[in-house]
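Reader: Could you take me through this model feature by feature, giving the general idea before each case?

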Amino acid sequence: MQTSLALRALGLDDRLRIEQADCLAFLGSLPDGSVDVVTTDPAYSGMNDHLKLGHGRIVGSWREAGKPGEKWFREFKDDPETFRRFLAEIRRVLREGGHLYLMFDSFSLLSLGPLVREELSVKNLIVWDKLRIGMGHAFRRRHELIVFATKGKRPLSRRDLPDVWRIGRLSRPAYPTQKPVELFEAMLAGSAGPGSVVCDPFAGSGASAVAALRQGCRFWGCDLSPEAATAARERARTFAATGADPLQPEPARVEPPFDQLLRPPSLRRTAARKLIRSGTPSA
Ligand SMILES: C[S@@+](CC[C@H](N)C(=O)[O-])C[C@H]1O[C@@H](n2cnc3c(N)ncnc32)[C@H](O)[C@@H]1O
């Protein structure tokens, strides 16, 4: 109670909204044209349905997916009809000129990726090079893919960003599939400015929320899992209050050009604190 009163006094509630909700319900609660950038990493069911054949050895037991106490989380049922509804909601909540960064695994990219074009203008397929190999039945996976799309015309604010991002994966993260905060900051580098509204309807551990706060943005997000929503909210509030990130205490390895573009932690903390104090952060 004390904490939430203190946060309200700082104005944080206006700038950080993380709810336990289904992505479609949460997006449905947002006004038309209210979001500047969507940065999101959905839990696709397609890849896991496919991997069931391999006994689902990615994280925990796939057969136990979504059951209490199991590691694996519930997934977004990504049949084309539901995915079209999701994309239509993204388009509705984005402002004219809004940007979308939508992560895909290789399986979902080939089945669902083409649907993005029905709602938005697809500009790039970005490769996230995780710098170390992971698992894989054939070639071992070292990358993930991010579709960059726009609603209407708004160019990136910088012209020097490549479409291959070399940012190290986290080893033994606190949350399954937790991504480095720096990956989400890279999504904001050419698309957001101080005060921008950033939205992630699959917030997971809250990496995208911390990235938004680091860049002086506002953040609206949700996760279906109550545990994830609570963890993400606490993580983001801790970062906003102290500048420390309890779920990613160490920075990820970041290679050029993002090593120079993502501001050093001390400057990011200053931007986040200014946002909280005044509500009108500066760059
Ligand atoms: C791949 S994880 C996101 C990880 C996150 N990017 C991070 O760095 O921690 C996907 C998340 O989507 C959540 N999820 C699954 N189905 C959902 C739905 N229908 N609506 C909202 N969230 C959902 C899962 O609980 C999971 O936390």
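**Reading the model**

Author: Let us begin with a loop: A174 is found between β6 and α8, where helices (H or I, at least four residues) and strands (E, at least two) are DSSP runs numbered from the N terminus. This is a predicted model, in which local features need pLDDT of at least 70 and side-chain atom pairs count only at pLDDT 80 or more, whereas totals for chains, interfaces and linings use all residues. Residues are numbered from 1 along each chain as its sequence is written, and side-chain values use heavy atoms, with hydrogens and water left out.

Reader: Is A174 buried or exposed?

Author: Buried means under 20% relative accessible area, exposed over 50%, and partly exposed in between, with a 1.4 Å probe and protein chains only. A174 is exposed, its relative accessible area being 59%. A174 and Q248 are 74 residues apart in sequence and 8.2 Å apart in space, C-alpha to C-alpha.

Reader: How should I read the sheet, and what is the order of its strands?

Author: Strands of a sheet pair through backbone hydrogen bonds, either parallel or antiparallel. Here two strands pair if DSSP finds at least two bridges between them. The sheet is open, has eight strands with mixed pairing, and follows the order β1-β8-β7-β2-β3-β5-β4-β6. Because β1 (16–20) and β6 (164–166) stand at the edges with a single partner strand each, one side of each is left without a neighbour in the sheet. From one strand to the next, the twist averages 15°. Strands β7 (residues 197–200) and β8 (residues 218–223) pair in the parallel sense over four bridges, and V198 stands opposite F219 in β8.

Reader: Which strands does helix α9 touch?

Author: Contact means heavy atoms within 4.5 Å, and axes are lines fitted to C-alpha atoms, for helices over the stretch in contact, with angles running from 0 to 180 degrees between N-to-C directions. Helix α9 (residues 207–214) packs on the sheet and touches β1, β2 (35–40), β7 and β8, its direction making about 175° with that of β8. Eight of the eight residues of α9 are buried, so this helix is largely enclosed by the rest of the structure. Just after α9, G216 takes a positive phi of about 75°. Helix α10 (residues 226–242), in turn, lies across β1 and β8 and runs at about 165° to β1.

Reader: Which residues touch the most other members of the largest nonpolar core?

Author: In soluble globular proteins, nonpolar side chains tend to be buried together. A nonpolar core is here a set of buried Ala, Val, Leu, Ile, Met, Phe, Trp, Tyr and Cys residues joined through side-chain atoms within 4.5 Å. The largest has 37 residues, of which L16, Y101, I146, W165, I167, L183 and M187 touch the most other members. A second, separate core of 32 residues includes V35, F76, L109 and L115.

Reader: How are aromatic pairs described, and how many are there?

Author: A pair of aromatic rings is described by the distance of the centres and the angle of the planes. Rings of Phe, Tyr and Trp (its six-membered ring) pair if their centres lie within 6.5 Å; planes under 30 degrees apart count as stacked, over 60 as edge-to-face and the rest as tilted. By this rule the count comes to eight aromatic pairs. The rings of Y44 and F104 are stacked, because their centres are 5.3 Å apart and their planes at 10°. Y101 and W165 form a tilted pair, with 6.4 Å centre to centre and 40° between the planes.
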